[in-house]
Amino acid sequence: MSSTLLEVTRAAHEDVERLERLIVKDLQNDPPTTKDGLYQSHRVRNNIDTIISTTEKLVEIYDDKDNARKDEIAALGGQTATGVNVFSAFYDRLKEIREYHRKHPAARVVDANEEYEDLLKEEPVIEFSGEEAFGRYLDLHELFNQYINSKFGAKIEYSAYLDVFSQPHNIPWKLKSTRQYRKYMENLLEYLIYFFQRTEPLQDLDRIFSKLEAEFEEQWTNGQVQGWEKQGQENEDDPAQHTMIDLDYYSTVEELMEVGPEKLKEALAVLGLKTGGTVQQRAERLLLTKHTPLEKLDKKHFAKGSHGPQQNGSTAVSQDINSLKQIALVEAKMKKLCDLLSKTIEQTKENVVKKQALTYEEMEQERQEEETQVDTESDDEDQQIYNPLKLPMGWDGKPIPYWLYKLHGLGQEFKCEICGNYSYWGRRAFERHFKEWRHQHGMRCLGIPNTKNFNEITNIQEAQELWEKIRERQGVNKWRPDLEEEYEDKEGNIYNKKTYTDLQRQGLI
């Protein structure tokens, strides 16, 4: 049966509505693991892209530039060249439907909901390197090699590079005018965008960048872009300096050739020298000015009609400023992505430092343990723990037996003011705490000996009153701490102070 344009329109609207319901249903499920959460985000992103493409097709149909939709609606109404014949159009369509089912007697209605429900179980293919560990860490090794082998970089460790790669404002702006630096920044930005799209597929990166560009234009105009403030001031003072290449950083023609033909041409034009020839000839001509003043150069190197370095300088300066502005914009975008990925960068630093202390076998074992841990976490979270009595959890994450709960009175809370209002759960823990260091320290601060007379007393005022009664009954001078003050060793044995001190001096405890 032929698919008419109106049927295509109806099916497209149905697909859009079904995908919208599918997205809502998918987002209502809480993913048990980070990996499942990433799968869910990519499924939603793919469904949104499908909705956008389908909607664009519907817009083209409703625009009806070729009048196909208008003609089809007229044909459904029975409008022909000879007039209106509704019954003829109806029976022609009925004949077409019968002919289709006669040729396809085994045709069945396919439930589209079943097909779309399968999308909820789909695991999209997401490409991550082994170092990225499914989006948990960054893999900047290639960019790190570019950094340490460049003039603007430094010979540092990879762990130190993770601290400085997001701070391009610390690099002198004179080193940023090279083609090597621009290529490095573009590669770094490209990688961060690609990583962000894989780990945060639901983020609207275009909107983030459009807002950033608007703020950047205002800051650049006011000379407030971090790392380029000095550059903005010098634009007003001496515009010719931007096109001038600082030859102190170049010692050979090959190094100067890396600047690029356009930059060499602009620099030669500002100095009033000839701008033609190959890249090597331009570099050689410009390198002559490093040790030779312009006044002593041979006139053959100057362009015709040139009177100095200001000849034709305004156009070259404007082009150079635009080039530097583009580099500054790339830096701003890179910094924004680093802010969005700050948590991932910190995890990467910790992972790199930890791996430096591990062998290859230990790293492989840790990776396998992480994979098995993810699987067990998923299985455990699928099983809901049944705990209607709200019993305390044991070491295995499950409620303790009810008889154990009643035996030790774990549901009862005992507070001790002498221990700083510390809570003890259960009668057994409460009785044992009188011999622990926390209670002994509290009694010592009150100036009261920790003897059996003060068991079951947790109130400071009651302890002080009892101590006063004991002192009145025995007398102040009758208190013998060597014999009556108690000490406890590691095995729980109780001694008086004298015995404990003697055994400790002999090294027996």
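A contact means heavy atoms within 4.5 Å of each other, a criterion used at several stops of this tour. The structure is a predicted model, in which local features need pLDDT of at least 70 and side-chain atom pairs count only at pLDDT 80 or more, whereas totals for chains, interfaces and linings use all residues. Residues are numbered from 1 along each chain as its sequence is written, and side-chain values use heavy atoms, with hydrogens and water left out.

**The whole chain**

Display the full protein chain as a cartoon. It contains 23 helices and four strands; these are DSSP runs numbered from the N terminus, with helices being H or I of at least four residues and strands being E of at least two. Of the 509 residues, 32% are buried. Here buried means under 20% relative accessible area, exposed means over 50%, and partly exposed lies in between (1.4 Å probe, protein chains only). Among contacts between residues at least 6 apart in sequence, 56% join residues at least 24 apart.

Switch next to a surface view. The chain exposes about 33700 Å², of which carbon and sulfur atoms supply 49%. Accessible areas come from the Shrake-Rupley method with a 1.4 Å probe, and for residues only the protein chains shown count as cover.

**Helix α1 and its charged side chains**

Select residues 5-27, helix α1, and show Glu7 and Arg10 as sticks. Their side chains meet in a salt bridge (2.8 Å, N to O), the term denoting a side-chain nitrogen of Lys or Arg within 4 Å of a carboxyl oxygen of Asp or Glu. Because Glu7 and Arg10 are three residues apart in α1, about one helical turn separates them. Glu7 is partly exposed at 35% relative accessibility, and Arg10 is likewise partly exposed at 42%.

Add Asp15 and Arg18, which form a salt bridge of 3.6 Å, N to O. Arg18 is buried, with a relative accessible area of 9%, while Asp15 is partly exposed at 27%. Including Glu14 completes a network of salt bridges that links Glu7, Arg10, Glu14, Asp15 and Arg18. A search of the whole structure finds 16 salt bridges.

**Helix α2 and the patch at α4**

Move to helix α2 (residues 34-63), where Asp49 and Arg45 lie four residues apart, about one turn of the helix. The closest N and O atoms of their salt bridge are 3.1 Å apart.

Then select Val86, Phe87, Phe90 and Tyr91, which make a nonpolar surface patch of about 480 Å². Patches are made of residues with over 30% relative accessible area and no salt bridge; like charges are joined within 9 Å, and nonpolar side chains (Val, Leu, Ile, Met, Phe, Trp, Tyr) within 5 Å. Val86 lies in helix α4 (residues 86-103) and is partly exposed, with a relative accessible area of 47%.

**Buried positions in α14 and α15**

Helix α14 (residues 279-287) is the next selection; its buried residues are Arg282, Ala283, Arg285, Leu286 and Leu287. These pack against α12 (253-257) and α13 (261-271).

In helix α15 (residues 313-340), centre the view on Lys333. Is Lys333 buried or exposed? At 15% relative accessibility, Lys333 counts as buried. Leaving aside residues up to four places away in sequence, Lys333 touches Leu189, Phe209, Leu212 and Glu213.

**The loop at Lys398**

Lys398 is found in the loop between α17 (360-382) and α18 (402-407), and it is exposed at 52% relative accessibility. Its C-alpha atom is separated by 7.3 Å from that of Ile385, 13 residues away along the chain.

**The β1-β2 hairpin**

Finally, select strands β1 (residues 413-416) and β2 (residues 422-425). They pair in the antiparallel sense over four bridges, pairing being assigned if DSSP finds at least two bridges between two strands. Along β1, Phe414 and Cys416 point to one face and are buried, while Glu413 and Lys415 point to the other and are not. The bridge partner of Lys415 in β2 is Ser423.

Five residues separate the strands of this hairpin, and Gly420 in the turn has a positive phi of about 80°. Asn421 also has a positive phi, about 60°, although it is not a glycine. Most residues other than glycine have a negative phi.

For residues 414-445, UniProt lists "domain: Matrin-type" in an unreviewed entry; such annotations may be inferred rather than shown by experiment, feature names are shortened, and positions are given in the numbering used here. Over this range the chain is 47% helix and 22% strand, with the end C-alpha atoms 21 Å apart.
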